[in-house]
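Colleague: I am new to this structure. Could you please take me through its charged contacts and its surface?

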Amino acid sequence: MKVIVVGAGVVGTMHAWHAVERGHEVVHIEREAEARGASLRNFGQIWVSGRAGGEELDTALRARELWEGIGARVPGLGFRAIGSLTPVRDDLELAVAEAALARPDAAARGYKLLTPDEARAVNPALRGAFEAALWCERDAAVEPRLAQLALREALLATGKYTFLPNREVRDIVGGSAVRDDRGETHTGDAVVLCTGAWLSGLVREVAGEIPVRRVRLQMMQTEPLGEPLTTSVADADSFRYYPAYASPALDALNDGRPQDPTAAAHKMQLLMVQRLDGGLTIGDTHEYEHPFAFDTLEDPYEHLTRVVESFLGRPLPKIRRRWAGVYAQCVDTSRVVHRQRVADGVWLVTGPGGRGMTCSPAIAETTANELGW
């Protein structure tokens, strides 16, 4: 069997991975020299802790298992089973953490409530003041700027994989074939379009208006911290953002202490993870209304800096990079992904939202199972 995969972000690359793993030949087409979208402009977190119960959590847990297995075979991914800590600072935030611990799936996530001393034993870099911390053992991390490159190197070594960069697919030609902007036709037994936030052009032609929207974010990365940050770190604004934390306690938090005005205006939460070079990736904002701004705003970065410094109890290293990114998200955010048959032998897979890096191995596995690869 020959599979044509369009789009070399993490979702497309994982589809290529599963196809090769099952003994198939893959032709992988990317419109740029390398993927440059949301698959690189993220935290690299395998984020289980905040996922909605049911299908979303099941997908994230399966993906976490797959990431660990792939990481053992492809060390260049930088897979680390580091877990996460969410420090809480008052009774309202603590009540939300305690409600999370009472969930029936809390054990599957690896939730545990730690005292400040216990949290610092896990992550000594957290020298700031807080009352407790929610630990999630199942969270992990990879290197987003390296993951696709490392996976591609492993795929090329199989002899069953061909990568064709700098080609934009323009047409679906008959069954299971595409034509690129060089006029070349690529024919297989199945085509999977993993085009990320590119929802116009060919995608609109073959799928029409789909229930997927684009979301813009801002993030930043520092110079090396100079010490290990041994876990990912979130703040209590993540309770407001992730569905796992919905509870009467969260309602009381929202009513009793509204979000910081800057964080509320930009729909923010803090997530932070240390890169292999020691720098910190920190974010993020969420913008849903088009047209998106073309520039980045400074207020969100200043807010994130204040929150991080309060947790670390020290100044943040110099900011090395700032960037904006755009990802595709199902309008119905309870849906893990939009998977649609758009022609004979041709499938569109898009819209995982902020779950893309976390869930892509399991999303691709489900596609492979459904298509009978």
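Modeller: The following exchange covers salt bridges and then a surface patch.

Modeller: This is a predicted model, in which local features need pLDDT of at least 70 and side-chain atom pairs count only at pLDDT 80 or more, while totals for chains, interfaces and linings use all residues. Residues are numbered from 1 along each chain as its sequence is written, and side-chain values use heavy atoms, with hydrogens and water left out.

Colleague: How many salt bridges are there in the whole structure?

Modeller: The search finds 28 salt bridges. The term means a side-chain nitrogen of Lys or Arg within 4 Å of a carboxyl oxygen of Asp or Glu.

Colleague: Why would such side chains pair?

Modeller: Side chains of opposite charge can pair when their charged atoms come close.

Colleague: Which residue forms a salt bridge with Glu223?

Modeller: The partner of Glu223 is Arg320, with 3.3 Å between the closest N and O atoms. This pair links distant parts of the chain, 97 residues apart: Glu223 is in the loop between strand 13 (212-222) and strand 14 (232-234), and Arg320 is in strand 17 (residues 319-330). Strands (E, at least two residues) and helices (H or I, at least four) are DSSP runs, numbered from the N terminus.

Colleague: What is the relative accessible area of Glu223?

Modeller: Glu223 has 29% and is partly exposed; Arg320, at 30%, also counts as partly exposed. Buried means under 20% relative accessible area, exposed means over 50%, and partly exposed lies in between (1.4 Å probe, protein chains only).

Colleague: Where do Asp237 and Arg240 lie?

Modeller: Both are in helix 8 (residues 237-241), 3 residues apart, which is about one turn of the helix. Their salt bridge brings the closest N and O atoms to 3.0 Å. Asp237 is buried at 10%, whereas Arg240 is partly exposed at 21%.

Colleague: And Asp105, buried or exposed?

Modeller: Asp105 counts as buried because its relative accessibility is 15%. Its salt bridge partner is Arg103, at 2.8 Å between the closest N and O atoms, and Arg103 is partly exposed at 22%.

Colleague: Which residues are linked in a network of salt bridges?

Modeller: Arg51, Glu56 and Arg355 are linked in this way.

Colleague: Turning to the surface, which residues make the nonpolar patch?

Modeller: Leu146, Leu149 and Leu276 make a nonpolar surface patch of about 270 Å². Patch residues have over 30% relative accessible area and no salt bridge, with nonpolar side chains (Val, Leu, Ile, Met, Phe, Trp, Tyr) joined within 5 Å and like charges within 9 Å. Accessible areas come from the Shrake-Rupley method with a 1.4 Å probe, and for residues only the protein chains shown count as cover.

Colleague: Where is Leu149 found?

Modeller: Leu149 is in helix 6 (residues 144-156), and at 40% relative accessibility Leu149 counts as partly exposed.
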